[in-house]
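Student: I would like to go through this structure step by step. Could we begin with the terms and then look at some residues?

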Amino acid sequence: MFAQNDPEATIRALAPVILEYHGQLRMDSTDLVRNIVKRHEKNPRVITAIAGMFYEAQDSAAAHRFEDFALKIDPKYSPAYILRGDACMNIYQDTVAAKYWFQKAIDVAPNNPAGYQAMFNYHMKRKNGVDSTAAMGFAQRLIENANTDEGRMAAAEINRRTGGSSETSISLLENVSYENMREDELSRYAFQLCSNNMTERCQLVVEKGMQEYPDNFYFYRVAMYNYAHAANYTEAEKMGKKLFSMLPEDSLACEDYRIYSYCYTARGDNDEAITLLWKAVETTNPEWAAKQQVLGRIEEVYKLWAASLEGKGQYNEASTIYEASISEFFQHGDEYHAVHMYSAYGTMLTQTWAEELNGTEKLEPYHKALDMYKDMSEKCTDEDYITSGLYRQFFISYFINRLAPEESFEPYTIAFIDRVFSHSKLGYYDKNITKALQVLATTQPAQALDYAKRFQQKYPSVTDKELDDLIEKLSKK
């Protein structure tokens, strides 16, 4: 069925078989498993790996039997203790027992970094001051006693997680020998090198991995990430194509889509880059910070795309990009980045485009900006964003009135002022009411004075010398 004499091949091949028999009574007693155990009855790694598979298949009783068997083979085999500790922590929610088994792993094999790493993770999950201090203590012990390749890799990982210096991680990883690593160790080492921007060494490792394990997608993933870090997007795209051909869509990660999108941005294919980035958003848990990072990247690509058109003077084409991006963000319920795009769009219309025009020629981009901010106030639900849109409408309508006096700014100005008065406390944009009152006073001084006095009565603690001066000036008329 598979290479049963090869421990690593056995572990890889057996996992899906056990999962396929999920829930079947006493799967561990079948001829298949019994024969494998017999062939590897002196190898605690294989036996412990099988125990882990039974945990995955939700057969804890079988998992315990294999853990006990592994420890009978080698009572100092710390991964078996760690596996049981992980089960206590994550399956049984028994933190006392978990801590006991992790400490046992350290006690039986004090030179094995895995125990310290497990105890570090245990304390980090507890999320309180005492445990955080304990976690740092185990991290430091691990770093100080990293005398093996496995220990150096574990120490580098923990050093990075605890905010240690990049120099420490790099020093640890540089002293790791990878020539005889197992497949899983090699892939983990490659990722650590990539994460620490050790691009040249990482490339050597992934090339070794792709050569020796051509069916392992993970080496192509890390290779793509690594080339992207080095801004070699031509090679990154080659690795990305291979990765995407090896994995079904539901197995691709958020970072796969995000990094692959950079390859398309680099060669100006923004349509495909945007498509990939939205895929990254769909793949990301909404609560993860990663989602905001990807959304920020989408905003960045849209802006770069629009800017390339602006640079050619193709303002209507750039407008299409801005409008499409705003629509996309709203479809995904993301007002935050939609408003960023409104702002960038407004800057292009009222500054970049308008500055190239003279006199009434400026009316075209100004009118587009006015309509755009109307759209913003109508579509947004956030109170500050609505107010921001109304404020910008008042401001732009004033410039339009300077060029076309028949187009009144008063409705927009009053709409913004009324908006401020509807608030029980002042928001960020509400403090611009003085500017609006000063503009309104040029055509409706009595109404502006009434608003100004009412504002002072409503917010007596607000100190605004310009407002005081305006009231004084209008009161004398």
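Tutor: Certainly. Helices here are DSSP runs of H or I with at least four residues, numbered from the N terminus. Please keep in mind that this is a predicted model.

Student: Good. Which helix does Ala338 lie in?

Tutor: Ala338 is part of helix α19.

Student: Is Ala338 buried or exposed?

Tutor: Ala338 has a relative accessible area of 0%, and buried means under 20%, so Ala338 is buried.

Student: What does Ala338 touch, apart from residues up to four places away in sequence?

Tutor: With those set aside, Ala338 touches Ile326, Phe329 and Phe330. In addition, the C-alpha atom of Ala338 is separated by 9.5 Å from that of Glu323, 15 residues apart along the chain.

Student: Let us stay with α19. How do α17 and α19 cross?

Tutor: Helix α17 (residues 289–310) and helix α19 (residues 335–355) have axes that come within 10 Å and cross at roughly 20°. Angles under 35 degrees count as roughly parallel, so α17 is roughly parallel to α19. The crossing of these two helices, α17 and α19, is right-handed.

Student: Which residues meet there, between α17 and α19?

Tutor: On the α17 side they include Leu295, Gly296 and Tyr302, and on the α19 side they include His340, Ala344 and Met348.

Student: New topic: aromatic rings. How many aromatic pairs are there?

Tutor: The count comes to 31 aromatic pairs. One of them joins Phe244 and Tyr260, which are tilted at 40° between the planes, with 4.5 Å centre to centre. This pair links distant parts of the chain, since Phe244 is in helix α14 (residues 233–246) and Tyr260 is in helix α15 (residues 254–266), 16 residues apart.

Student: Is Tyr260 buried or exposed?

Tutor: Tyr260 is buried, because its relative accessible area is 5% and the cut-off is under 20%.

Student: What about the rings of Phe421 and Phe455?

Tutor: Their centres are 6.3 Å apart and their planes stand at 80°; over 60 counts as edge-to-face, so this pair is edge-to-face. Phe421 belongs to helix α22 (residues 410–421) and Phe455 to helix α24 (residues 445–458), 34 residues apart. Both Phe421 and Phe455 are buried.

Student: Which residue lies over the face of Phe421?

Tutor: Arg454 does, at 4.7 Å from the ring centre. Likewise, Lys242 lies over the face of Tyr220, at 5.7 Å from the ring centre.

Student: Finally, which residues do ring pairs link into a cluster?

Tutor: Among them are Tyr366, Tyr391, Phe394, Phe409 and Tyr429.

Technical notes: Residues numbered from 1 in each chain as written. Predicted model: local features only at pLDDT ≥ 70, side-chain atom pairs only at ≥ 80, totals over all residues. Heavy atoms only, no water. Phe/Tyr/Trp six-rings, centres within 6.5 Å; stacked < 30°, edge-to-face > 60°. Buried < 20%, exposed > 50% of the residue type's maximum accessible area, 1.4 Å probe, protein only. Lys NZ or Arg CZ within 6 Å of the ring centre and 35° of its normal. Axes fitted to C-alpha atoms, helices over the stretch in contact; angles between N-to-C directions. Parallel < 35°, antiparallel > 145°, perpendicular 65-115°, else oblique. Left-handed = near helix turned anticlockwise from the far one by under 90°. Contact = heavy atoms within 4.5 Å.
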